[in-house]
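Colleague: Got a minute to go through this model with me? I'd like to start with the cysteines.

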Amino acid sequence: MGVAGSGPQGYVEEDPDRTDALPVLTEVAGAGDFPEAQSTAVLEEQTDSAELRRLEATVAHLHEELAFARARIASLEAAVQAAQTATTDLADWRLVRLDLREERTYPLGRRSRIGRADTCEVCIDSPSISRYHAIVLIDAEGALIEDLRSTNGILLNGRKIERHRLHDGDLLTLGEIKFRISNPPPPKR
């Protein structure tokens, strides 16, 4: 490979076996002799600068997303803590059957159906009870009973109700069956 005398100064003839043609070209001509090399360097610098600004914007956005995610996690952790506290208190709600020789206690869960059907959480074998007579729902505010369109209805402390909040000591009558609501205060921690 050699320098051709007829072409522009620094022109390098291509030799297919030679892999260092570019270094020879810069040695012969120098990078400053080629305007394309200067504009390529400027373009690379502008591209690097634009890429840096884009990356900085991405990092700033990711920091915002991280702050939002941390706030959401804190909120969810507080909700879980409240739910765990409420769940602990839920276990104390009970339905105490009073019309038997000995009292029978039924623990109430978050959602407890009362009726004759085997699928009810509180199954009562009595013709005065509908298959799905009532449902007791327990949440952070306490217990709520709702009539499920039963034939004989619900009496709460002697008053006919469709839906009502329950309190410790309330007396319920479903058909001919009598219950007392029990929710002792939670033990002191």
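Modeller: Sure. The structure holds 0 disulfides, a disulfide being a pair of cysteine sulfur atoms within 2.5 Å. Some ground rules. This is a predicted model, where local features need pLDDT of at least 70 and side-chain atom pairs count only at pLDDT 80 or more, while totals for chains, interfaces and linings use all residues. Residues are numbered from 1 along each chain as its sequence is written, and side-chain values use heavy atoms, with hydrogens and water left out.

Colleague: Why is Cys-120 not bonded to Cys-123?

Modeller: Because their sulfurs are 6.3 Å apart, too far for a bond. Cys-123 holds the cysteine sulfur closest to that of Cys-120. Looking from the other side, Cys-123 is in no disulfide either, and its nearest cysteine sulfur is that of Cys-120.

Colleague: Is Cys-120 buried or exposed? And what about Cys-123?

Modeller: Cys-120 is buried, at 6% relative accessibility. Cys-123 is partly exposed, at 32%. The cut-offs: buried means under 20% relative accessible area, exposed over 50%, and partly exposed in between, with a 1.4 Å probe and protein chains only.

Colleague: New topic. Where is Gly-153 found?

Modeller: In the loop between β6 (142–147) and β7 (154–156). Strands here are DSSP runs of E with at least two residues, helices are runs of H or I with at least four, and both are numbered from the N terminus. Gly-153 is buried, with a relative accessible area of 3%.

Colleague: What is Gly-153 in contact with, leaving aside its neighbours within four places in sequence?

Modeller: His-133, Asp-147, Lys-160, Thr-173, Leu-174 and Gly-175. Contact means heavy atoms within 4.5 Å. Take Gly-175: its C-alpha atom is separated from that of Gly-153 by 6.5 Å, and the two residues are 22 apart along the chain.

Colleague: On to the sheet. What order do the 5 strands have?

Modeller: β4-β3-β5-β6-β9, in an open sheet with mixed pairing. Two strands pair if DSSP finds at least two bridges between them.

Colleague: Which strands stand at the edges?

Modeller: β4 (122–123) and β9 (163–166). Each has a single partner strand, so one side of each is left without a neighbour in the sheet.

Colleague: How many bridges join β6 to β9?

Modeller: 4, and the two strands run antiparallel. Within β9, Arg-163 stands opposite Glu-146. Those two also form a salt bridge, with the closest N and O atoms 3.5 Å apart. Arg-163 lies in β9 and Glu-146 in β6, so the pair ties together parts that are 17 residues apart in sequence. Glu-146 is partly exposed, at 26% relative accessible area.

Colleague: What counts as a salt bridge? And how many are there by this rule?

Modeller: A side-chain nitrogen of Lys or Arg within 4 Å of a carboxyl oxygen of Asp or Glu. The count comes to 7. Asp-139, Glu-141 and Arg-165 are linked in a network of them.

Colleague: Which helix holds Glu-51 and Arg-54?

Modeller: Helix α2 (residues 35–90), where they are 3 residues apart, or about one helical turn. Their side chains meet in a salt bridge at 2.7 Å, N to O. Glu-51 is partly exposed at 35%, and so is Arg-54 at 46%.

Colleague: What about Glu-103 and Arg-180?

Modeller: Their side chains meet in a salt bridge too, at 3.6 Å, N to O. This one links distant parts of the chain: Glu-103 is in the loop between β1 and β2, Arg-180 is in strand β11, and they are 77 residues apart. Glu-103 is exposed at 51%, whereas Arg-180 is partly exposed at 27%.

Colleague: And how do β1 and β2 run?

Modeller: Antiparallel, with 4 bridges joining β1 (residues 94–97) to β2 (residues 104–107). They form a hairpin with 6 residues between them. Arg-97 stands opposite Arg-104 in β2.

Colleague: Last one. How many aromatic pairs does the structure hold?

Modeller: Just 1. The rings of Tyr-106 and Phe-179 have centres 6.4 Å apart and planes at 65°, so the pair is edge-to-face. Tyr-106 is in β2 and Phe-179 in β11 (residues 177–182), 73 residues apart. The rule: rings of Phe, Tyr and Trp (its six-membered ring) pair if their centres lie within 6.5 Å, with planes under 30 degrees apart stacked, over 60 edge-to-face and the rest tilted.

Colleague: Is Phe-179 buried or exposed?

Modeller: Buried, at 0% relative accessibility. Tyr-106 is buried as well, at 7%.
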